[in-house]
Amino acid sequence: MRKKIAAANWKMNLTLEQGEKLIQGILDADVKLEDDREVVVCTPFPYLMAAKEMLKDHAHFFTGAQNCASEKSGAYTGEVSAEMLQSVQTDFVIIGHSERRQYFNETNELLLKKTLLAMEYGLKVIFCCGEPLEIRKENKHEEYVQKQLVETVATLSADQIENIVIAYEPIWAIGTGHTATPQQAQEVHAFIRSHIAKRFGNDVASQMTILYGGSCKPDNAAELFACEDVDGALVGGASLKVNDFTAIIRELVNSKS
Ligand code: PEP
């Protein structure tokens, strides 16, 4: 069963108290989720335990971290390992977000190391890919995204790839208010799915969850989720407001399987 997911990426926002209020607001909305729909709340590291405590009795609600270390353990001051995330029952981890690629110089090679460690410790990975504006303008976005996948998740085994959710996040759409059109999103999502099919076969590809990210909001979520190959969204700004994120979850629930 291909899962549809609304994932919140809080980035470096909110205090613990604000974050707890936000989660409580989402839970209070009491949106009913079928078995194939999930909500993932990716909080800053210090809030993961509190978030887990609030979500643990709510089926279909999961916690996620926004990063993890590329080394197992040891003298890496300030880093948080995949094993640590597992020890506080974190379910997902975002790897390869464009902000980490851009501001922290994370390469495909490093991201693959992180992905392998995350899976070793039982975490599901939301693996981000997506092109900058100049690449889109040159119409080279498909080959750009393909390279990001070829050097990372496409090297995994068929068993491992089941733990991966891909998030297509065109950089020009992140935090800019310029959402990709449904056609633009669908085109790249279909391309990603066909790439996965070539590498892992049709069954794996048809089960894979591919999220869209980049200025997803309540007023564009329905049309994005209506696209055949868009299985939900990774949401930044709009995930910080109870009403907006709840509205996006509702659109996910209303979208066709
Ligand atoms: C993101 O950072 O993953 C994201 C999609 O941000 P926004 O929704 O704010 O564009």
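The side chains of K11 and E99 meet in a salt bridge, with 2.7 Å from N to O. That pair links distant parts of the chain, 88 residues apart: K11 sits in the loop between strand 1 and helix 1 (16–29), while E99 belongs to helix 4 (residues 98–103). Please keep in mind as you read that this is a predicted model.

**K11 and E99**

How accessible are the two partners? K11 is partly exposed, because its relative accessible area of 21% is not under the 20% that would make it buried. E99 is partly exposed as well, with a relative accessible area of 23%. K11 has another feature to look at in the backbone: a positive phi of about 55 degrees, although K11 is not a glycine. K11 also belongs to the group of residues that come nearest to the ligand.

**Around the ligand**

Which residues come nearest to the ligand? Of the 14 residues around it, these are K11, H97, E169, G175 and S215. By class, this shell is made up of four nonpolar, eight polar and two charged residues. H97 places a polar side-chain atom 2.8 Å from an oxygen atom of the ligand. G236 and G237 take part through their backbones instead: a backbone N or O atom of G236 lies 2.8 Å from a ligand oxygen, and a polar backbone atom of G237 is 2.8 Å from an oxygen atom of the ligand. How much of the ligand does the protein cover? On its own the ligand has 290 Å² of accessible area, and the protein covers 97% of that.

**Salt bridges**

Side chains of opposite charge can pair when their charged atoms come close. The structure holds 16 salt bridges. Here are three of them, including the pair that opened this report.

| Salt bridge | N to O distance |
|---|---|
| K11 and E99 | 2.7 Å |
| K114 and E106 | 2.8 Å |
| D231 and R2 | 2.9 Å |

Let us take the D231 and R2 bridge next. D231 lies in the loop between helix 11 and strand 8, and R2 in the segment before strand 1 (4–9), so this pair ties together parts that are 229 residues apart in sequence. D231 counts as buried because its relative accessibility is 0%. R2, at 24% relative accessibility, counts as partly exposed.

In the K114 and E106 bridge, are the partners buried or exposed? K114 is buried at 2% relative accessibility, and E106 is buried too, with a relative accessible area of 7%. Elsewhere, salt bridges that share partners join R2, R193, D229 and D231 into one network.

**D229 and its surroundings**

D229, a member of that network, is found in the loop between helix 11 (218–225) and strand 8 (232–235). D229 counts as buried because its relative accessible area of 9% is under 20%. What does its side chain touch? One polar contact, at 2.7 Å, goes to the side chain of Q186. Another, at 2.5 Å, goes to the side chain of R193. If neighbours within four places in sequence are left aside, the residues in contact with D229 are R2, Q186, H189, A190, R193 and I210. R2 therefore appears twice in this part of the model: as a contact of D229 and as the party to a salt bridge that ties its segment to D231.

**Two further residues**

N105 lies in the loop between helix 4 and helix 5 (108–120). The backbone of N105 has a positive phi of about 50 degrees, although N105 is not a glycine. Is N105 buried or exposed? With a relative accessible area of 60%, N105 is exposed.

R136 sits in helix 6 (residues 133–137). At 14% relative accessibility, R136 counts as buried. Which residues is R136 in contact with, leaving aside its neighbours within four places in sequence? They are E131, H141, Y168, W172, Q184 and V188.

How values were computed. Residues numbered from 1 in each chain as written. Predicted model: local features only at pLDDT ≥ 70, side-chain atom pairs only at ≥ 80, totals over all residues. Heavy atoms only, no water. Helix = DSSP H or I, 4+ residues; strand = E, 2+ residues; numbered from the N terminus. Buried < 20%, exposed > 50% of the residue type's maximum accessible area, 1.4 Å probe, protein only. Polar contact = N/O pair within 3.5 Å; in protein donor to acceptor, adjacent residues only side chain to side chain. Contact = heavy atoms within 4.5 Å. Near = heavy atom within 4 Å. Areas by Shrake-Rupley, 256 points an atom, 1.4 Å probe, with all protein chains shown as cover. Nonpolar A, V, L, I, M, F, W, Y, C, P; charged D, E, K, R; others polar. Salt bridge = Lys/Arg side-chain N within 4 Å of Asp/Glu carboxyl O.
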